[in-house]
Amino acid sequence: MPFDKTVVVPLDPDATFDLVTRPDRLRRWQTVAARVDLQAGGEYRWTVVPGHSAAGTFREVVPGQRVVFGWGWEGDEELPPGSSTVTVTLTPTAGGTEVRLVHDGLTAEQAARHAEGWNHYLDRLVAAAQTSDAGPDDWAAAPDPLDELSSAEATLAVVQHVLRGVTADDMSRQTPCTEFTVSQLADHLAGSITSLGGAAGATFDDDPGKPVEARIADLAQPALEAWRNRGVDGTVTLGTNSFPATLAAGILSIEFLVHAWDFAAATGGDVAVSEPLAEYVLALAHKIISPEGRKTVGFDDPVPAPHTSDAVTRLIAYTGRHPVPAA
């Protein structure tokens with residue numbers, strides 16, 4: 001039973017094609033993270049919301065006109081990667097481009113579930129075409145269940161949203177981390193991602209010359225995919241030390257969310273984080289950040305914060321920062 005819907009976006013076909021195929025554009029409306037090999041036979045993997053990644057192979061790619069790809073979900077026995085077909089056809093029309101999406105190979109129940117999803121994301125596609133970014137996705141804000149990996153994916157979405165607003169002129173600004181400008185903090189975060197992702201077996205190709213959002217996103221995607229493939233059982237090696245895998249994976253959420261706040265405070269950005277997610281990361285911080293380890297990881301002593309404060313304020317205070325709201 002197919003899902004079939006058409007929307008019109010106010011862009012030309014080439015720009016629209018980029019919006020539905022390029023990772024940096026997909027992150028503006030549909031995905032938290034995306035890996036794309038855009039050619040017939042090339043593979044893709046999209047983390048649509050934390051804990052749910054679609055994957056498959058491109059079957060037809062006609063730039064500016066049409067893309068066809070297999071679709072399914074990692075870990076889903078009923079609809080595994082590549083077991084259904086999505087066809088996106090682009091047609092020039094008055095005022096922009098007509099985008100027709102047809103999803104074949106679904107049962108009636110699967111079609112109903114995917115209709116809800118496609119309607120949500122096609123609305124966000126139109127919004128992204130109108131304003132260049134559809135903004136934070138409510139569906140990605142509070143994963144259920146919350147665990148080390150879904151939290152890492154959700155907090156990645158938070159920091160990417162902040163970094164999308166960072167300009168070249170912002171890179172020299174001072175952050176709340178007294179030893180880091182925005183540029184230096186980006187280097188620090190890139191190093192943390194490669195170290196923690198490398199512990200799960202990821203490999204990286206870092207390009208510090210990329211826009212900061214693209215740089216962090218392109219490092220985080222293979223890191224989180226490697227953790228999904230590995231899982232959080234047993235131990236991993238960080239440097240010369242062995243750590244429980246749950247602890248190492250949990251550090252990612254702290255890095256993403258705390259530094260999202262740092263970047264926002266430095267640049268006047270906004271940290272859009274749900275209370276359940278912030279509470280979860282605060283609990284991770286209490287478990288992971290030991291008194292003796294604070295200086296090693298660059299955290300000062302905790303700053304008092306009223307117990308009635310929201311969770312992100314208490315998290316920031318716990319890491320030694322004065323939690324003045326970002327402008």
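## A tour of the helix packing and the interdomain loop

Begin by selecting helices α4 and α7 (helices, H or I of at least four residues, and strands, E of at least two, are DSSP runs numbered from the N terminus): Glu148, Leu149, Ser151, Ala152, Thr155, Leu156, Val158, Val159, Val162 and Leu163 of α4 are in contact with Thr246, Ala249, Gly250, Leu252, Ser253, Phe256, Leu257, Ala260, Phe263 and Ala264 of α7, where contact means heavy atoms within 4.5 Å. By class, the residues of this α4–α7 contact are 14 nonpolar, 5 polar and 1 charged; Ala, Val, Leu, Ile, Met, Phe, Trp, Tyr, Cys and Pro count as nonpolar, Asp, Glu, Lys and Arg as charged, and the others, Gly among them, as polar.

This is a predicted model, in which local features need pLDDT of at least 70 and side-chain atom pairs count only at pLDDT 80 or more, while totals for chains, interfaces and linings use all residues. Residues are numbered from 1 along each chain as its sequence is written, and side-chain values use heavy atoms, with hydrogens and water left out.

Stay with this pair and show the full helices, α4 at residues 148–164 and α7 at residues 245–267, whose axes come within 8 Å and cross at roughly 20°. Axes here are lines fitted to C-alpha atoms, for helices over the stretch in contact, and angles run from 0 to 180 degrees between N-to-C directions. Helices α4 and α7 are therefore roughly parallel to each other, given that angles under 35 degrees count as roughly parallel, over 145 as roughly antiparallel, 65 to 115 as roughly perpendicular and the rest as oblique. The crossing of α4 and α7 is left-handed, that is, the near helix is turned anticlockwise from the far one by less than a right angle.

Next, keep α7 and add α5, where the axes come within 11 Å and cross at roughly 170°. This makes α5 roughly antiparallel to α7. From α5, the residues that meet α7 include Leu185, Leu189 and Ile193, and the α7 side includes Ile251, Phe256 and Phe263. The contact of α5 with α7 comprises 12 nonpolar, 4 polar and 2 charged residues.

Now hide α7 and select α5 (residues 182–199) with α6 (residues 212–230), which pack at an angle of about 15° with their axes 9 Å apart. That angle makes α5 roughly parallel to α6, and α5 passes α6 in a left-handed crossing. Among the residues that meet here are Asp187 and Leu196 in α5, with Arg215 and Trp227 in α6.

Zoom out to the domains, whose bounds come from an automatic or database assignment: domain 1 covers 3–131 and domain 2 covers 141–319. Their centres, taken over C-alpha atoms, are separated by 28 Å, and the contact takes 10 residues from domain 1 and 15 residues from domain 2.

Finally, select the loop between α3 (108–131) and α4, where proline 145 is found. The peptide bond from aspartate 144 to proline 145 is cis, with omega near 5°. Serine 132 is also placed in the loop between α3 and α4, and serine 132 has a positive phi of about 80° although it is not a glycine. For context, most residues other than glycine have a negative phi, and most peptide bonds are trans.
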